Amino acid sequence: MADRAECERVFNRFDVNGDGKISLTEFADALKVLGLTSQEEVERRMKEIDKDGDGFITLEELVDFQSANPNLMNEVLKKL
């Protein structure tokens, strides 16, 4: 199972501009590298992770998502 440090590594890799949050564009670009190219799938995943609905993924939201979906995060980690 991924731990917080691994979540931080994924977060920092996705947060291209370093502003402390992952935008939809950054998220879409990251998922394309991981093999997800469908805009619908990207938006669905974004809504799943972005619990406060502000259009950005914070580190805490990513950690919460990892806790709920450890197998999925492990697949992401393997591809990074």
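Leaving aside neighbours within four places in sequence, aspartate 15 is in contact (heavy atoms within 4.5 Å) with Gly20, Lys21, Ile22 and Glu26. This is a predicted model, in which local features need pLDDT of at least 70 and side-chain atom pairs count only at pLDDT 80 or more, while totals for chains, interfaces and linings use all residues. Residues are numbered from 1 along each chain as its sequence is written, and side-chain values use heavy atoms, with hydrogens and water left out.

**Aspartate 15**
- Aspartate 15 lies in the loop between helix 1 and strand 1 (22-23), where helices (H or I, at least four residues) and strands (E, at least two) are DSSP runs numbered from the N terminus.
- The side chain of aspartate 15 reaches two backbone nitrogens, that of glycine 20 at 2.9 Å and that of aspartate 19 at 3.4 Å.

**The nonpolar core**
- The largest nonpolar core, a set of buried Ala, Val, Leu, Ile, Met, Phe, Trp, Tyr and Cys residues joined through side-chain atoms within 4.5 Å, has 19 residues, of which Phe14, Ile22, Phe27 and Ile57 touch the most other members; buried means under 20% relative accessible area, exposed over 50% and partly exposed in between, with a 1.4 Å probe and protein chains only.
- Helix 1 (4-14), helix 2 (24-33), helix 3 and helix 4 (59-68) are the elements that give two or more residues to this core.
- Not counting residues up to four places away in sequence, isoleucine 57 touches Phe11, Lys21, Ile22, Phe27, Met46, Ile49 and Leu62.

**Glutamate 40**
- Glutamate 40, in helix 3 (residues 39-49), is exposed, with a relative accessible area of 62%.

Technical notes:
A polar contact is a pair of N or O atoms within 3.5 Å; within protein, one must be able to donate a hydrogen and the other to accept it, and residues adjacent in sequence count only if both atoms are side-chain atoms.
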